[in-house]
Amino acid sequence: MNAKWWQRGIFYQVYPRSFQDTNGNGIGDLEGIRERLDYLVKLGIDAIWISPIYPSPMADHGYDVSDYCGIDPVFGDFETFDRLVEDIHAHGLKLVLDFVPNHTSNQHPWFLESSSSRDNPKRDWYIWRDPAPDGGPPNNWVSYFSGSGWEFHEPTGQYYYHAYLKEQPDLNWRNPEVREEMHNVLRFWMKRGVDGFRVDVIWHLIKDALFRDDPPNPDYKPGDPENNRLIQAYSADQPEVHPVIAGLRRVVDEYPDRVLIGEIYLPVSRLVTYYGEDLGGANLPFNFQLIGAGGHAKDLSKIIMDYEAALPPGGWPNWVLGNHDQPRIASRIGPEFAPLAGMLLLTLRGTPTMYYGDELGMEDVPIPKRATQDPWEINEPGIGVSRDPERTPMQWDASPNAGFTTGTPWLPVSPDYAQRNVATLDADPRSMLTLHRRLIELRRSHPALEMGSYRTVSDEDEVLVYLRELDEQRVLVVLNLSREARTFTLPEEMSAARALLSTRLDDPDRSGPEVRLRVHEGIILEIE
Ligand code: GLC
């Protein structure tokens with residue numbers, strides 16, 4: 001089958017600040033990623049997506065870019081970057097960079113120019129509006145990180161819009177110069193060997209031309225983050241965003257075999273529009289439907305089937321369990337269910353994206369107030385929005401700071417690191433890490449898992465059963481999501497089955513047509 005690497009492959013997100021520090025400043029760096037490539041190869045993943053590494057004042061830890069064509073010294077320089085690209089490719093892996101086009105840093109030279117006067121040629125590169133008649137903000141749009149989305153700029157008497165921090169002014173993507181300049185940024189990195197981009201908040205790029213107020217969200221409850229008060233009907237997901245994304249895609253397609261991934265938090269029916277007309281949009285609009293999902297078999301099968309049904313013809317699916325903005329999967333569903341989640345992610349139809357450390361079962365780490373780094377938590381303290389808990393250092397071994405740094409780590413290392421670390425789990429044939437390796441191996445060696453069709457066989461009694469099928473190959477996945485042992489009886493036409501893998505990593509109990517599942521067990525079978 002003529003599949004692209006990003007269809008067959010498995011993505012692995014590295015949050016570079018937290019992966020591996022090599023210079024003792026407590027912050028991970030590019031050289032650290034390079035030194036750990038053997039680990040990633042042994043794990044079996046295909047592509048690395050690295051969160052932003054560009055020069056940045058780090059108001060939002062790199063998502064506030066002050067130079068799109070540079071490397072922040074905290075992460076390295078072009079020499080280390082080029083060496084990393086070369087080594088990644090020499091290891092047979094691909095590299096995807098984070099691209100943050102919705103906003104720049106307020107320290108970006110473009111914004112400094114734009115804000116210098118109303119008639120500066122770059123004034124229109126950002127979103128400037130006159131105050132409302134009462135002098136207040138031009139409309140009711142809120143910042144995702146709380147407060148108004150508008151910041152008054154005294155010297156020029158106008159407000160600028162920022163969907164995130166006030167240190168992250170939004171670019172005006174209706175301006176053709178902005179588009180052209182950003183296209184050149186993509187070309188710059190592709191010429192340097194980058195295999196694609198994960199585009200930050202891509203559904204935000206275009207805002208309502210009339211700047212209409214967002215309507216109130218009837219489901220808002222006190223205690224929710226402030227951004228939940230409104231429905232973003234006008235401040236995001238506008239129809240005119242699609243031609244803009246198609247423009248990005250055309251640039252990406254100027255170079256062979258690249259991928260365009262979009263970060264999109266929208267309901268499925270909206271999400272799938274981001275494949276674009278004639279699939280000319282994002283190759284992979286990130287599918288976050290599992291992120292808010294509970295653990296009931298029926299809910300999961302509905303999520304999977306709704307998503308499958310909504311895909312446009314030819315649109316390739318993908319699944320994400322976690323990232324640097326979401327509580328860790330092991331904490332969301334409980335560590336006892338985490339192996340099942342891993343089995344689900346790696347056996348569904350579509351490209352899986354793993355988050356660093358989830359293969360170890362890393363959990364959210366409680367961060368003392370004084371150690372807080374996330375600007376969102378600083379803006380809205382105490383309501384549980386902090387993203388620091390899922391960004392703690394990778395746990396490599398039992399040495400001080402888990403082998404992450406010789407200095408003081410920028411976020412505390414999880415207290416469980418002496419047991420939960422790569423070195424220990426690597427040597428344990430029943431560990432979460434071993435399970436992930438086996439799952440990846442199995443996916444790779446079974447075309448039905450990589451490329452086959454999906455069909456739910458049963459979601460009764462909290463046991464989710466689905467079939468992946470390609471040509472003659474049939475692979476059945478049976479996940480016991482209940483809190484007790486369960487038996488699933490194979491349908492007649494599947495009764496000749498051989499167990500390939502259990503989440504317990506021992507020999508599953510198989511006899512006749514009955515698949516006996518222990519508590520929290522998942523089993524993969526090949527139907528003969
Ligand atoms: C995306 C990033 C998040 C960042 C935000 C603003 O959602 O994943 O970390 O804070 O965009 O750039």
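The legends below describe close-up views of a predicted model, covering the ligand site and one helix residue.

**View 1. The ligand in its pocket.** In this predicted model, the ligand sits in the largest pocket. The residues around the ligand number 14, and those that come nearest are Asp-60, His-103, Asp-200, His-324 and Asp-325. Sorted by class, the shell around the ligand is made up of 7 charged, 4 nonpolar and 3 polar residues.

**View 2. Side chains facing oxygen atoms of the ligand.** The side chain of Asp-200 places an N or O atom 2.8 Å from an oxygen atom of the ligand, and Asp-200 is also one of the residues that come nearest to the ligand. For Glu-263, a polar side-chain atom is found 2.9 Å from an oxygen atom of the ligand, while for Arg-198 the separation between an N or O atom of the side chain and a ligand oxygen atom is 3.0 Å. On its own the ligand has 300 Å² of accessible area, of which the protein covers 97%.

**View 3. Val-252 in helix α7.** Helix α7 spans residues 241-252, and Val-252 belongs to this helix. The relative accessible area of Val-252 is 0%, and this residue is therefore classed as buried, the cut-off being under 20%. Between the C-alpha atoms of Val-252 and Asn-139 the distance is 35 Å, and these two residues are 113 residues apart along the chain.

Definitions and conventions
Residues are numbered from 1 along each chain as its sequence is written. This is a predicted model: local features need pLDDT of at least 70, side-chain atom pairs count only at pLDDT 80 or more; totals for chains, interfaces and linings use all residues. Side-chain values use heavy atoms; hydrogens and water are left out. A residue is near a molecule or strand if one of its heavy atoms lies within 4 Å of it. A polar contact is a pair of N or O atoms within 3.5 Å; within protein, one must be able to donate a hydrogen and the other to accept it, and residues adjacent in sequence count only if both atoms are side-chain atoms. Accessible areas come from the Shrake-Rupley method with a 1.4 Å probe; for residues, only the protein chains shown count as cover. On a 1 Å grid over the protein atoms alone, a cavity is a set of points where a 1.4 Å probe fits but cannot get out, and a pocket is an open set with protein on both sides within 12 Å along at least five of seven lines; lining residues have an atom within 4 Å of a point. A molecule sits in a cavity or pocket if more than half of its atoms lie within 2 Å of its grid points. Ala, Val, Leu, Ile, Met, Phe, Trp, Tyr, Cys and Pro count as nonpolar, Asp, Glu, Lys and Arg as charged, and the others, Gly among them, as polar. Helices (H or I, at least four residues) and strands (E, at least two) are DSSP runs, numbered from the N terminus. Buried means under 20% relative accessible area, exposed over 50%, partly exposed in between (1.4 Å probe, protein chains only).
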